[in-house]
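Take a moment to look over the fold below. Then follow the text through it, from single contacts to the whole chain.

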Amino acid sequence: MLKKTEIYFKNFTLLDDAELRRVYDWRNLDYIRLKMDNPQIFPFEDHLKFCRSLSSRTDKIYFQVSVGGAPCAVLDFVDIDREQKSAESGFYVIKEYNHFAYPISRISNAVCLKLGIDNVFTHILKSNEKAVFYNLIKLKGKYVGEDENSVFCQFATFKEYPESDPFYQKYSLKIDL
């Protein structure tokens with residue numbers, strides 16, 4: 001039997017200071033930071049304060065993502081609306097691990113199911129053409145519209161069948177909320 005590669009979603013509230021420092025350093029890499037709504041570098045102390053505030057929030061959840069034991073990405077859900085079962089999501093992968101972008105994106109559907117999210121919305125800066133195409137073409141996001149800065153997409157979650165889905169023959173999921 002093929003050994004499965006674990007994709008692990010670890011809530012930021014469970015990260016130690018060294019892990020939070022790594023996420024902070026990633027976030028400030030030019031190729032990530034410059035594709036965010038807020039491209040500014042801010043103090044590490046502000047990052048720690050924000051991450052610690054997440055433990056009392058129900059409208060936001062952030063995950064450090066590891067593949068095969070290697071931390072390599074961040075996935076977040078903000079504006080979580082429990083009644084509407086919806087949220088806005090953001091995602092980035094460290095470039096050395098770009099080849100895991102699709103498996104992480106694919107298995108994030110199971111994370112949404114665990115969180116009770118049926119509809120995921122995202123916006124991508126138009127200047128990030130690669131991400132726009134990735135969301136619309138590769139992930140088959142539904143185009144919702146655009147403004148002068150961003151393209152808006154929607155994704156509906158779908159029922160998982162791990163026992164018959166070939167994806168789950170290669171990957172497994174672990175979520176620490």
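Start with one term: contact means heavy atoms within 4.5 Å. Keep in mind that this is a predicted model, where local features need pLDDT of at least 70, side-chain atom pairs count only at pLDDT 80 or more, and totals for chains, interfaces and linings use all residues. Residues are numbered from 1 along each chain as its sequence is written, and side-chain values use heavy atoms, with hydrogens and water left out.

Now find Leu75. Which residues is Leu75 in contact with, leaving aside its neighbours within four places in sequence? The list is Phe9, Ile61, Tyr62, Phe63, Val65, Ser89, Gly90, Phe91 and Ser108. Take Phe63 from that list. Leu75 and Phe63 are 12 residues apart in sequence, yet their C-alpha atoms are 5.2 Å apart in space. Is Leu75 buried or exposed? Leu75 has a relative accessible area of 4%, so it is buried. Buried means under 20% relative accessible area, exposed means over 50%, and partly exposed lies in between (1.4 Å probe, protein chains only).

Leu75 sits in strand β3. Strands (E, at least two residues) and helices (H or I, at least four) are DSSP runs, numbered from the N terminus. Strand β3 covers residues 70–81, and 7 bridges join it to β2. These two strands run antiparallel. Two strands pair if DSSP finds at least two bridges between them. One bridge links Val65 to its partner in β3, Ala73. The hairpin of β2 and β3 has 2 residues between the strands, and there Gly68 takes a positive phi near 55°.

Strand β2 has another partner. Strand β1 (residues 5–11) is joined to β2 by 5 bridges, and these strands also run antiparallel. Here Asn11 has Phe63 as its bridge partner in β2.

How many residues of β2 are buried? The strand spans residues 61–67, and 7 of its 7 residues are buried. Both faces are covered. On one side lie Ile61, Phe63, Val65 and Val67; on the other lie Tyr62, Gln64 and Ser66.

Move along the chain to Ser150. Ser150 is in strand β7, which covers residues 150–156. Its relative accessibility is 4%, so Ser150 counts as buried. Leaving aside neighbours within four places in sequence, Ser150 is in contact with His123, Ile124, Leu125, Lys126 and Gly145.

Asp30 offers another case. Asp30 belongs to helix α2 (residues 30–33). With a relative accessible area of 47%, Asp30 is partly exposed. Asp30 and Ser164 are 134 residues apart in sequence and 41 Å apart in space, C-alpha to C-alpha.

Now step back. The protein has 6 helices and 8 strands. From the N terminus on, the elements run β-α-α-α-β-β-β-α-β-α-β-β-α-β. Of the 177 residues, 44% are buried. Take the contacts between residues at least 6 apart in sequence: 63% join residues at least 24 apart.

What about overall dimensions? The C-alpha atoms fill a box of roughly 45 × 40 × 35 Å, taken along the principal axes. A compact globule of 177 residues would have a radius of gyration near 16 Å, and the protein has 16 Å, which agrees. That radius is taken over C-alpha atoms, and the globule rule is 2.2 Å times the number of residues to the power 0.38.
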